[in-house]
Amino acid sequence: MGLDTGLAILLSPASSTIRQVTTGAEDRAEDRIGELIELIRYHDRRYHAEDAPEIPDANFDLLKRELLDLEAAHPELVRADSPTQTVGADPSTLFEPVEHRVPMMSLDNAFDQDELSAWADRARRRLAAEDFGDLVCELKFDGLAVSLRYEDGKLVQAATRGNGRIGEDITANILTLKTVPHRLPAGAPQVLEVRGEVYMPLVAFDALNAQQEAEGKPRYANPRNTAAGSLRQKDPSITATRGLSMWCYSVGEVQGGPGLVTHSATLEYLNELGLPVNPETTTAQSMDAAWQFIEQCESKRHDLPYEIDGAVIKVNRLDLQQELGSTSRAPRWAVAYKLPPEEKTTKLRRIQVSIGSKGKATPFAVLEPVFVGGSTVEMATLHNEDQVRAKDVRPGDTVVVRKAGDVIPEVIGPVLADRPDDLAEWDFPSICPCPHRQPLTRQEGDAAHYCRFPHCPEQLRGWIEHFAARNALDIEHLGEQRVHLFIDLGFISDVGDIYALPYDRIRELEGFGELSVSNLAAAIEASKQQTLTRLLVGLNIRHLGDTTSELLADAFGHLDRIMEAPVEDLAEVDGIGPIMAESVHDFFQSEVNREIVEKLRAAGLNFAQDTGQAEAQALPQTLDGMTIVVTGGLEGYTRDQVGAVIKAHGGKSPGSVSSKTTAVVAGENPGASKTDKAEKLGIPVLDQAQFERLIETGELP
């Protein structure tokens, strides 16, 4: 079982709460913000783009809450690329991209009645003396957000939400859903974009798992991930067999049609057009009535024929929605109330350790099977040695398990009243469970143990799978089962061996026809052209994530230059701190790793960063070598756009001011801390007109 999350959740050793950073320690806050952004991006991608979450929703929500709190305490450290300023994750490359004409936003969350009331109070204050009146109360479905575009009544395009601006074209797959009309009745608007959630009904999920069992295949984990995976099939005929359905809950772009003034009227209109609108939706005249709706949701969540994970409360009047507006990622006129995760008790049989792709040793609980959160749980993560100690769970304990539909459940703690006398504490093993029996080590200040043996087969499996993943070399047809098979047969001993697979011998194996071997070979060959960024991700260097891999690749341009760079030069790159620089340097000092790199070189992999964005290269590089920090809003630019413009002209666009900053651009409502720091450091502060002249001429005023 692989429970290594790739990036640690960074829980404090003493408790299960997210680690806090001392207020006022700006340097520590900035480091922690960077860590959280990387973690949240990683888990966002696992959830939204890959349909394979690795941590419970509750833990992910805690990470985002910590980031929000830090940014509120240090507004000068808010970065344009922060997950608090963006939506979802970048779409995968499996489908053609679709640009949403009206962004598909996310929702802010509330976790208790006080937070729900706080949302309402903020909305009232923005509306001055006027209350927001009626509220529309909807179920929060546990599925995949999609957009349907009808033109002259015909369904012409369907797309996932993606990052809110760019999604994936899933039109052919959506057309297989029986609940989605291909044509609307006469009189439909010229353009009608409908937003909603695709989900898998529980009866369809149970039938699919019954089929899996009958065929001797593993069961699917939960309806949400199964629905997302089913909708992203390259073959629409597979999607058609999965029994997916959809609920519509809002609109995006609309041209023509009736002049509706409330959200409830909009839902009624969608229903009249034959679009599926959930019948549980209701209108509440007060926040108390909205809270009653939420309580009803919780009480009947398992009586519904589909899974929900909360409720959504929306201001009903569309003019007030317009007045309330949105943040960069979420509307202010709506909030999602997250239902609390469910908990059950069961017996903890034993504690074992799994080894992840970077050698991280993660303890996990082997449980007596218990039905919780909509599925049977037999294993649950325990994170690290300190968490086992802090929770004081021991083999033989009765423990509380929490899941609530999440992929990886967790053990909350023991039921001490049921603990047998003299139950022994669990000791973290000192030896790796792999056949080589190498020591597990834990460095001072690190929460995790690691196996450092380079030929550990448990690490190797994880590394190969990581190397072939979509965000790395993206090698289709090299999945988990094949990786394990090729390692067991001795075909692969490191990632370099992927490019020397003995295809003649593979053809002789059961289950491998000529077509499947040809597809595998073609995917491996195509991966040689991936960018340096993806290669760095695939090399699985500790502390180095997707974003920081791109920073290194852009800064050095070629793998050889990164390999030979001293720690000081690596650390000079904006966004690469001393710990990360040391990790990169150590990786390439290893003779074993250098041998792997040479295998990749001999195989013909691309070691150069693909800066070949034709549009960017065509622009004059007037900002080459400059680091420009933007604070406040600039007319005609979103936060993402202004950063993209700077980079397209050869500059860098970090989120904070330092001695390396060339200039600070102060737009509308700039952060005082950034402009003050710029003045103290003697860095010029530009207005928008000066900034645009700088882009044009490359000369500071």
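**Group meeting talk: strands, cores and a cavity**

I would like to begin with strand S7, residues 191–199, where nine of the nine residues are buried, so this strand is largely enclosed by the rest of the structure. Please keep in mind throughout that what we are looking at is a predicted model.

If we take the two faces of S7 in turn, Val191, Glu193, Arg195, Glu197 and Tyr199 lie on one side, while Leu192, Val194, Gly196 and Val198 lie on the other, and all of these residues are buried, which leaves both faces covered. Which strands, then, are joined to S7 by bridges? One of them is S4, which runs antiparallel to S7 and is joined to it by eight bridges, and within that pairing Ser147 stands opposite Arg195 of S7. The other is strand S8, residues 245–255, again antiparallel and again joined to S7 by eight bridges, with Leu192 standing opposite Val254 in S8.

Let me now step back to the protein as a whole. There are 701 residues, of which 51% count as buried, and the secondary structure comprises 25 helices and 21 strands. Looking at contacts between residues at least 6 apart in sequence, 69% join residues that are at least 24 apart.

From there I turn to the cavities, because S4 and S7 come up again. The structure holds three cavities of 30 Å³ or more, and the one I want to discuss is the second largest, which contains about 80 Å³ of space. Its lining consists of Val98, Glu99, His100, Arg101, Ser147, Leu148, Arg149, Gln157, Ala158, Ala159 and Glu193. Strand S1 (97–99), strand S4 (144–151) and strand S5 (154–160) are the elements that give two or more residues to this lining. What is the make-up of the lining by class? It has four nonpolar, three polar and four charged residues. Two of the residues in this lining have already been mentioned, namely Ser147 and Glu193.

The next topic is a sheet. It is an open sheet of five strands in the order S2-S11-S10-S3-S9, and its pairing is mixed. At its edges stand strand S2 (109–110) and strand S9 (282–284), each with a single partner strand, so one side of each is left without a neighbour in the sheet. For strand S10, residues 308–315, eight of the eight residues are buried, so S10 is largely enclosed by the rest of the structure. Seven bridges join S10 to strand S3 (residues 135–141), and these two strands run antiparallel; in this pairing Leu135 has Val315 as its bridge partner, and Phe141 has Ile308. S10 is also joined to strand S11, residues 334–338, by five bridges in an antiparallel arrangement, where Lys314 stands opposite Ala334.

Finally, the nonpolar cores. The largest has 53 residues, and those with the most contacts inside it are Phe467, Ile475, Ile498, Tyr499, Leu552 and Phe588. Helix H20, residues 578–589, gives the most to this core, with five residues. Apart from this core lies another, of 36 residues, among them Ala110, Cys137, Ala145 and Val315, the last of which we met as the bridge partner of Leu135. To close with a single residue of the largest core, what does Tyr499 touch, leaving aside residues up to four places away in sequence? Tyr499 touches Phe467, Leu473, Ile475, Ile524, Ser527, Lys528, Leu600, Ala603 and Leu605.

Definitions and conventions:
Residues are numbered from 1 along each chain as its sequence is written. This is a predicted model: local features need pLDDT of at least 70, side-chain atom pairs count only at pLDDT 80 or more; totals for chains, interfaces and linings use all residues. Side-chain values use heavy atoms; hydrogens and water are left out. A nonpolar core is a set of buried Ala, Val, Leu, Ile, Met, Phe, Trp, Tyr and Cys residues joined through side-chain atoms within 4.5 Å. Buried means under 20% relative accessible area, exposed over 50%, partly exposed in between (1.4 Å probe, protein chains only). Helices (H or I, at least four residues) and strands (E, at least two) are DSSP runs, numbered from the N terminus. Contact means heavy atoms within 4.5 Å. Two strands pair if DSSP finds at least two bridges between them. On a 1 Å grid over the protein atoms alone, a cavity is a set of points where a 1.4 Å probe fits but cannot get out, and a pocket is an open set with protein on both sides within 12 Å along at least five of seven lines; lining residues have an atom within 4 Å of a point. Grid points are joined across faces, edges and corners, and a volume is the space filled by probe spheres set on the points. Ala, Val, Leu, Ile, Met, Phe, Trp, Tyr, Cys and Pro count as nonpolar, Asp, Glu, Lys and Arg as charged, and the others, Gly among them, as polar.
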